[in-house]
Amino acid sequence: MHPKTYLRTFISILLLNVSPYSKAELPVLGDPTQQELTPYREHLMGNQFYRTIKASVPFVTDLEVNDYMTNLGQKLISHSSQPDKKIRIFVIKVANINAFAGPDANIGFHTGLIISAKNESELAGVMAHEISHVTQRHLARAMTESNVNPATMFATILAGILVASQNPEAGAAIIYGGSAALMQSQINFTRANEHEADRIGIAVLTDAGINPEGMAGFFETLLQKSETDNIIAKMEYLRTHPLSTTRIAEARNRITPKDRHLPDDSLDFQLMRARILVEMSNSAQQLINQIEQFNADKVNLVSQYTLGIAYIKNKQTDKAIRLLSEISQSNSHPWIELALADAYRAAEKDSLALTTLKKLNTLFPNYLPVSIRYAESLISAKQSEEAISLLNLQLRTKKQPIVYNTLAKAYFSKGQTSLALEATSYEYELEGYTNLAIQQINNALRQPELNKLTIQRLESRKQELHLQIQKQRKESRG
Ligand SMILES: [Zn+2]
């Protein structure tokens, strides 16, 4: 088969072979003769980028990890040239080292990259670099300035990311094979763009009060590793972000002596990394053995926390409760208490979990990882009414899919099906599934004994969603 035909067939298989959800929303990809990339079209592409990856690769759903990553992203963007830009940061469970910025500020991280980062400044360095690709509109500019139409380029990028996240060798074949290689080289990874992303990224980091040395440090480690270990297949990042000693030296030279004194780590980063380490470990027992062996003195909080959550994963709940209670007495970090609550729930000590979460909710009101856990505990304890008011309060500041998802569970548990379906429709809308959101509203309207006011509200929401679909169709037709 001609490489071009092969690639096209391959991409269409990739895009269709995901889930019925993304199939239903496919038209957004648009007319391949349409060259112009309007902000709205880019937004739709961003949604499709996110949905397709989500349907194809496992995401990290851990509340603490997602909250940490989103907050770090928001902190960095708020110090960029587009402080109000909405970004979506997600973490996928893939061991090879990669991070990528898709259309409309959809930025993905592999767990492999997060585990490889030694401290917060290294991770923030990569994130600031990706965010700078977004604020400098490298991808969008490549899409409009190249002679390849945006829809084809978009599909190529997506295919590259998907294949690389599941199978590095196949990813390499797609990227290096035939026309795709040409296209890929025209996209966002020109030397000039990389330099610009480094330079702007360093300014963002220092402005945000994070030591910018981490960026060069992390790149240096990757480059050294690739030269000595010959494990380039595990480092997709090097393929998509060509590094050289000159580029790293230049990044280092841009750092002023005063910036070298900025903090380079945080306890939150280390605890977040520990959560990923445990989640990604194939054998919790092995991880436990390692920590117990090397950390007999029990002074290191991070390794004790890692041990505690590894015990939960390994179903040694008594040990987990003992250890986490012990470390929570001398360290007041909400994540330690949250892990303790998780251990109580795993041990089926639900009332202890509820008490712990109630206390945490008073200390950290409106803090997403606490609100969601507490709401879930309240639902299990048949106190859904309280969960509902807690979640509605959360929605005033953070309209995140997970909040609507939990709210739907709370309504379902009370038998308030139409309200549950309405909440789910908001969840789908935020995830970019407009058709599915309408379906939920239709289902809600079919519920018996709806009052007039509810019917009116549901109908007007349905109309609003239909208008969105019309706008999307119009845009994809050009
Ligand atoms: Zn880059």
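What share of the contacts between residues at least 6 apart in sequence join residues at least 24 apart? I looked that up before anything else, and the figure for the chain is 65%. A note to self: this is a predicted model.

**Overview**

I went through the secondary structure next and got 26 helices and three strands. For burial, I found that 45% of the 478 residues in the chain are buried.

**The sheet**

I traced the three strands and found an open sheet with the order S1-S3-S2 and mixed pairing. Its edges are S1 (88-92) and S2 (99-101), each of which pairs on one side only. I also noted the twist, which averages 15 degrees from one strand to the next.

Then I looked at how S1 is held to S3 (residues 106-110): the two run parallel and are joined by five bridges. As one entry point I took Arg-88, and its bridge partner in S3 is Asn-106. Helix H4 (residues 63-78) turned up lying across S1 and S3, and its direction is at about 140 degrees to S1.

**The loop between S2 and S3**

Two residues here got my attention. Pro-103 sits in the loop between S2 and S3, and Asp-104 has its place there as well.

Is Pro-103 buried or exposed? I counted 25 other C-beta atoms within 10 Å, and 20 or more is the cut-off, so Pro-103 is buried. Leaving out residues up to four places away in sequence, Pro-103 touches Glu-42, Met-45, Gly-46, Phe-49, Leu-139 and Phe-154. I also checked Pro-103 against His-43: they are 60 residues apart along the chain, yet their C-alpha atoms are separated by 7.2 Å.

Asp-104 is buried too, because 24 other C-beta atoms lie within 10 Å of its own and the cut-off is 20. What I flagged for Asp-104 is its phi, near 55 degrees, a positive value in a residue other than glycine. That is worth a flag because most residues other than glycine have a negative phi.

**A second positive phi**

Asn-366 went on the list as well, with a positive phi near 65 degrees. Where is Asn-366? I found it in the loop between helix H20 (350-363) and helix H21 (368-380). With 13 other C-beta atoms within 10 Å, Asn-366 comes out as partly exposed.

**H6 and its partner H11**

I spent the rest of the session on H6. Its 16 residues should span 22 Å at 1.5 Å a residue, and the end C-alpha atoms are 22 Å apart, so the two figures agree. On burial, 16 of the 16 residues of H6 are buried. Just after H6 comes Arg-137, with a positive phi near 55 degrees.

How do H6 and H11 pack? I have H6 (residues 120-135) and H11 (residues 191-207) at an angle of about 115 degrees, with axes 7 Å apart. Their crossing is right-handed. On the H6 side the contact is made by Ala-124, Gly-125, Ala-128, His-129, Ile-131, Ser-132, His-133 and Thr-135. On the H11 side I listed Asn-193, Ala-197, Asp-198, Ile-200, Gly-201, Val-204 and Leu-205. Sorted by class, the contact has seven nonpolar, seven polar and one charged residues.

Definitions and conventions:
Residues numbered from 1 in each chain as written. Predicted model: local features only at pLDDT ≥ 70, side-chain atom pairs only at ≥ 80, totals over all residues. Axes fitted to C-alpha atoms, helices over the stretch in contact; angles between N-to-C directions. Helix = DSSP H or I, 4+ residues; strand = E, 2+ residues; numbered from the N terminus. Left-handed = near helix turned anticlockwise from the far one by under 90°. Contact = placed C-beta atoms within 7 Å. Nonpolar A, V, L, I, M, F, W, Y, C, P; charged D, E, K, R; others polar. Pairing = 2+ DSSP bridges. Expected span 1.5 Å × (residues − 1). Buried ≥ 20, exposed ≤ 12 C-beta atoms within 10 Å, placed from the backbone.
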